[in-house]
Amino acid sequence: MPVDECLSVLCTHRGGLTADDAERRLADLGPNALPSPPRRPAWRRLLAQFHNVLIHLLLVAGVAAAALGHPVDAAVIFGVVVVNALIGFMQEGKAQRAMEAIGRMLAPRARVLRDGHRRTLDAECLVPGDVVLLKAGDRVPADLRLIESHGLRIDEAALTGESVPVEKCTATVAEDTALAERVGMAYAGTMVAGGQGVGVVVATANATELGRISALLGRVQPLATPLLRQIEHFGRRLSVVIVSLAAAMVVLGWLLHDTPLLAGFMAGVALAVAAIPEGLLAIITITLAMGVRRMAARQAVIRRLPAVETLGAVSVICTDKTGTLTCNELVAARIGLADAAWAAEQAGARAPALLEAAVLCNEAAADGHDGDPIERALIRLAQAGGVDVAARREVHPRLALLPFSSDYKFMATQHPGRICLKGAPETVLARCDRQRVGDGEQPLDTGHWHALLDAMARDGLRVLALAEKRLDDDAACLDLAMVERGLCLLGLVAFIDPPRPEVPDAIAACRSAGIAVKMITGDHAATAAAIARTLEIAGDDEVLTGPELDRLDDRALAERVEAVNVYARATPEHKLRLVTALQARGRVVAMTGDGANDAPALKRADIGVAMGVKGTEAARQAAEMVLADDNFATIVAGVEEGRGVYDNIRKALMFILPTNAAQALIILLAVLAGLAVLPLTPVLILWVNLVTSVTLALSLAFEPLEAGVMKRAPRSPTQGLLGGYIVWRVVFVGALLTAMSFAGFLLWADGGGEPALARTVALNMLVAGSVAYLFNSRRWTAPGWTPEALLANPWAWLSVAVLALLQAAVTYWPPAQAVFGTQGLGWREWGWIAALSAALFIVVELEKAWLRRWMN
């Protein structure tokens, strides 16, 4: 709308509202603040952490241990449950904090005109129709229609992703203009980078663009991570198997051997205790925590433990451009002169006059560290060309300044004998009638310059033109009329935010790992396309813009989302739609972002990745991972670590479950065989579960990455936690461990030995076999006997040493013998135990060798 029409519609004027009008509007519309979403009571959030089948199984195991008279074991199991619940409780509330962070982006105070007088008020008191004054450093307190602009530039990166402050004016634009191109608007939460302005409030609180994002964020439902879904599925299936086996065993024992129901029930409880992997959740938690620690060393800060593993399942990375793929620092890439275009590094020899003008018509510090991004880039260009900036400015002091204005789109400075000018190419060209050629001048060749501009625009470069005008005297006379015509064009300078040097290799690693990379940016389509071509991430269709995306329904978008890898002029809704469309196609999506506009998509993605350096608090709170260096390569490092974490979790499962299966099978076989005594009592079963989890299985959390982890395709999100290979190992190794332990019990029991001696042999057979199998489990299919495999993880050897001490205590320490019903063993027993354990290790290694041959 034209300014006067806007003021009329809002029933206000340039002097602002009266105090009475403002009070009435505030009463009708409410304060300019985003409402806090309702909080769930802490007790409900804590109880929700226990709503998990595996937790239920652990609780059953704890109750069973307590019922069997073993309070220490019960306390350990309940401790595992409580620790896991507390971890989940502390991690919850991420979305709540994200919306609170968006609320904190609103300015706390604002300078307004009320009754024609300037006043400073709480931003919450603003109402539509208020006239707000803006200056450099202010945070815009509400959505404003600008009615005055004096060199006003606003950093809108938090809303649009635009990397450079936007020049604002009071011009009208078409109604369907993209948010990033609405030059006559200033939006709540953005920062004034320079200049001054006056605007009338058109929207407050939820009606602002920031409020719309907050509402969108509140409606987004985050997804459970693949690991949590798999654990839930695994727990349900395991509970069915355990209950079915225990019930079948009780019934069969009664039918086959007239086993009393009470004794059968206690045997069923022992089987359930044997089959439940009590330490699994603790091991998963510690494995994830180790992944968090390793990733922190690689500049990736994880805010939710399961996110570590989710990274390993990622099949698509949707990434912002500015600061993530690029350096977020403009550099001069090319210069255009009257004879040709040259690389920027050749500017010193070919364009000395252009470099001198770039230094003089410039507000940036002489060292190139402070000032506007483009002006800093010009200083660095001049320094690279051999110009001593401070000395040149001293020789040609500034006499007058015509500051940049969005109305005329250039800046001019007067120096002794000349005027230097820089600005938008179309504006500067219109004021020139000559061009510099070497040390001389010639008539302006308009066609040549437009051809250069078109070529630079196609490459997505930001272009600046520089010109000068010679004067006959040194009197300060600079005004607009002096630079309306008669200038000599010195040349063009094209700028680019270059890709980070490590990003091409990171993207190549993504391709090797089967991960698609999609760039989603609020920047111009040409700029996005140029960076995409440089990094080789352009898809079949080069760029899809926000307005084009709006014209696609969900089905049409789902058909194109795989082929298109570059999206420009994207809004929060666009980013959210893209993430949802990819997830609908079965993709596990990582989304990067830094602004409040990214928060809904960050929350919806399987893993949200926020920028730690330039990211807003809203983005960080909505994300599961924060990059300490804002670097895309760090995401790839996180994916690598995530795959390693998932490997280690599955290795722990592959190790723990055969041991549990063996214990359950031993109980089952004993009942079905009608044995008078069980080879392993419930307390011995709990002991094995406890010590193997705390020592052997825990050491797998420290396993380093296997070679080739980034050469695999991403695993399917529907893939089960176990998989055929682990199920085979549970059956195969579980049978071997069962045979070892059961045979040891029968041999020593039939040989006339005490039941305590036979049980001790069976116990140590099982534990020693588990030690041997640990070294098989540390590599999926690679040999476990090589020096590299044996020495890669010193924690494995430490865990074996600790376990050996614990087993020695249980076997030989009289108080422990009294508690566990064990008896000391001699050299004969230990010889059999060692021989059978070594045999188990060899058999499993032969199985792996056969598998390697079959796979090749």
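A salt bridge is taken here as a side-chain nitrogen of Lys or Arg within 4 Å of a carboxyl oxygen of Asp or Glu. Asp523 and Arg462 form such a pair, with their closest N and O atoms 3.7 Å apart. This pair links distant parts of the chain, since Asp523 sits in the loop between β19 (516-520) and α20 (525-535) and Arg462 in strand β17 (residues 462-470), 61 residues apart. The two partners differ in burial: Asp523 counts as buried because its relative accessibility is 1%, under the 20% limit, whereas Arg462, at 22%, counts as partly exposed. The model is a predicted one.

In total, the structure holds 42 salt bridges. One of them joins the side chains of Arg212 and Glu573, with an N to O distance of 1.7 Å. Arg212 belongs to helix α8 (residues 209-219) and Glu573 to helix α23 (residues 572-584), so this salt bridge ties together parts of the chain that are 361 residues apart in sequence. Arg212 is partly exposed, with a relative accessibility of 28%, and Glu573 is likewise partly exposed, with a relative accessible area of 28%.

Another salt bridge is formed by Arg585 and Glu562, whose closest N and O atoms are 3.2 Å apart. Here, too, distant parts of the chain are linked: Arg585 lies in the loop between α23 and β22 (589-593), and Glu562 in the loop between α22 (554-560) and β21 (566-568), 23 residues apart. Both residues count as partly exposed, Arg585 at 44% relative accessibility and Glu562 at 25%. Beyond these pairs, a network of salt bridges links Glu356, Arg392, Arg418, Arg436, Glu468 and Arg470. Such pairing is possible because side chains of opposite charge can pair when their charged atoms come close.

At the level of the whole protein chain, 33 helices and 24 strands are found. The chain has 856 residues, of which 55% count as buried. Its accessible surface comes to about 34400 Å², and 61% of this area belongs to carbon and sulfur atoms. Of the contacts between residues at least 6 apart in sequence, 73% join residues at least 24 apart.

Eight of the strands make up an open sheet with mixed pairing, in the order β8-β24-β23-β22-β9-β19-β21-β20. The sheet is bounded by the edge strands β8 (300-302) and β20 (544-545), each of which pairs on one side only. Within the sheet, strand β9 (residues 316-319) runs parallel to β19 and is joined to β19 by four bridges. Val316 has Ala516 of β19 as its bridge partner. Helix α20 packs on the sheet and touches β19, β20 and β21, with its direction at about 155 degrees to that of β21. Strand β19 and helix α20 are also the elements on either side of the loop that holds Asp523.

A further residue examined is Thr427, which lies in helix α17 (residues 425-430). Thr427 counts as buried, because its relative accessibility is 12% and the limit for burial is under 20%. When neighbours within four places in sequence are left aside, Thr427 is in contact with Tyr408, Lys409 and Phe410.

Notes:
Residues numbered from 1 in each chain as written. Predicted model: local features only at pLDDT ≥ 70, side-chain atom pairs only at ≥ 80, totals over all residues. Heavy atoms only, no water. Helix = DSSP H or I, 4+ residues; strand = E, 2+ residues; numbered from the N terminus. Buried < 20%, exposed > 50% of the residue type's maximum accessible area, 1.4 Å probe, protein only. Contact = heavy atoms within 4.5 Å. Areas by Shrake-Rupley, 256 points an atom, 1.4 Å probe, with all protein chains shown as cover. Pairing = 2+ DSSP bridges. Axes fitted to C-alpha atoms, helices over the stretch in contact; angles between N-to-C directions.
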